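Here are my notes on the empty spaces and the ligand site, written so you can follow along on screen. Keep the viewer open and click on each residue as you go.

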Amino acid sequence: MAEPFIITLDGPAGVGKSTLAKRLAEHFSIAYLDTGAMFRATAWKLGEGSWDWSEDKITKALDDFSFSLAGQGSASILSLNNIALTDDIRTEQVGMWASNVARVTVVRDFQKKAQREIGRTTSLVAEGRDMGTVIFPDAEFKFFLDADLEERARRRMLQLEEMGKEADLSQLICQIKERDDQDRNRPVAPLKPAEDAIIVDTTKLDINGVFDCLVQHIKSKS
Ligand code: C5P
């Protein structure tokens, strides 16, 4: 696989995209792009309530933002203004802020440009909500992962606990549902599978099973 190529992984919160995207990137020795982290970092840096600012004010603030990606596999490092992103952005609260800024057209336009620029020169496993539909419509491989809400909340709880962050399952179910509803129903780049994406319901599959299924698919078509 010498030519640059893109694998897209889209799906709702807590479905296991990050774990799988990292493993796929590691397997194929290419970079991993976490676009959710780009929206989280944007919301974190602009601050609470920034989604209600005027377009002009948001555009001016974004002029000072520059994302870059280095390394590959699980060692891929995403930076904003040359500072690597940290786990501070990984809370559900920042997830909701991210979902709020992600509804703003100028923010989406900015992210589209930044993400496409990274994908222009670098082979990627790109994960997010609109990778297969909007950002990389010509990607070689497109997957859309889904799972029941409760299972996704449980996975997210384990993830947060591993990071040493407190989590409550019933609260997570409500938060994830609210965020997903907003992501699915926004007018610009809503969360949905691309027409040519392979849809995988991971509710009853473990991570190894899903990983094997995606790798098999990619190998059979390469
Ligand atoms: O994937 P993650 O949970 O980190 O994403 C945070 C939020 O960023 C999502 O709920 C969604 O609103 C937004 N997002 C998006 N488009 C992407 C990736 C994330 O709108 N490609």
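1. Start at Arg-129: one of its polar side-chain atoms lies 2.9 Å from an oxygen atom of the ligand. Arg-179 also has a polar side-chain atom facing a ligand oxygen, here at 2.7 Å. For a ligand nitrogen, go to Thr-35, where an N or O atom of the side chain is 3.0 Å away. How much of the ligand's own accessible area does the protein cover? The answer is 97% of 450 Å². Do keep in mind that this is a predicted model, so please word distances like these as values from a model.

2. Next, look at who surrounds the ligand. There are 15 residues around it, and Arg-40, Asp-130, Arg-179, Asp-183 and Arg-186 come nearest. Sorted by class, this shell has seven charged residues, four polar ones and four nonpolar ones. Arg-179 is worth marking in your figure, as it is among the nearest residues and also has the 2.7 Å approach to a ligand oxygen.

3. Which helix gives the most residues to this shell? It is α2, with four. Colour residues 35–46 to see α2, then add α4 (92–101) and α8 (169–185), since each of these three helices supplies at least two shell residues.

4. Now hide the ligand and look at the space it takes: this is the largest pocket. Its volume is about 790 Å³. The lining counts 40 residues, and Ser-18, Tyr-32, Asp-34, Ala-37 and Arg-90 are the ones nearest the centre of the pocket. Several elements give two or more residues to this lining: the helices α1 (17–28), α2, α4, α7 (149–162) and α8, and the strands β2 (31–34), β4 (77–80) and β6 (124–128).

5. Helix α2 comes up again here, giving the most to the lining of the largest pocket, with five residues. By class, that lining splits into 14 charged, 13 polar and 13 nonpolar residues.

6. Don't skip the second largest pocket, which holds about 310 Å³ of space. It is lined by 16 residues, and those closest to its centre are Gly-16, Thr-19, Arg-155, Gln-159 and Ile-207. Helices α1, α7 and α9 (207–221) each give two or more residues to the lining. The largest share, six residues, comes from α7. As for class, you will find six nonpolar, five polar and five charged residues in this lining.

7. Last, the enclosed space. How many cavities of 30 Å³ or more does a search of the whole structure find? Just one, with about 30 Å³ of space in it. Its lining is made up of Thr-8, Asp-10, Gly-132, Lys-142, Phe-143, Phe-144, Lys-192, Pro-193, Ala-194 and Ala-197. Two strands, β1 (6–10) and β7 (141–146), give two or more residues each. Strand β7 gives the most, with three. Five residues of the cavity lining are nonpolar, three are charged and two are polar.

8. If you are wondering how anyone finds empty space in a structure, the idea is simple: rolling a probe the size of a water molecule over the atoms shows where space is left. To close, go back to the ligand and tie the points together: the ligand takes the space of the largest pocket, and α2 is the top contributor both to the shell around the ligand and to the lining of that pocket.

Notes:
Residues numbered from 1 in each chain as written. Predicted model: local features only at pLDDT ≥ 70, side-chain atom pairs only at ≥ 80, totals over all residues. Heavy atoms only, no water. Near = heavy atom within 4 Å. Polar contact = N/O pair within 3.5 Å; in protein donor to acceptor, adjacent residues only side chain to side chain. Areas by Shrake-Rupley, 256 points an atom, 1.4 Å probe, with all protein chains shown as cover. 1 Å grid on protein atoms, 1.4 Å probe; cavity = no way out; pocket = protein on both sides within 12 Å on 5 of 7 lines; lining within 4 Å. Sits in = over half its atoms within 2 Å of the grid points. Nonpolar A, V, L, I, M, F, W, Y, C, P; charged D, E, K, R; others polar. Points joined across faces, edges and corners; volume = space filled by probe spheres on them.
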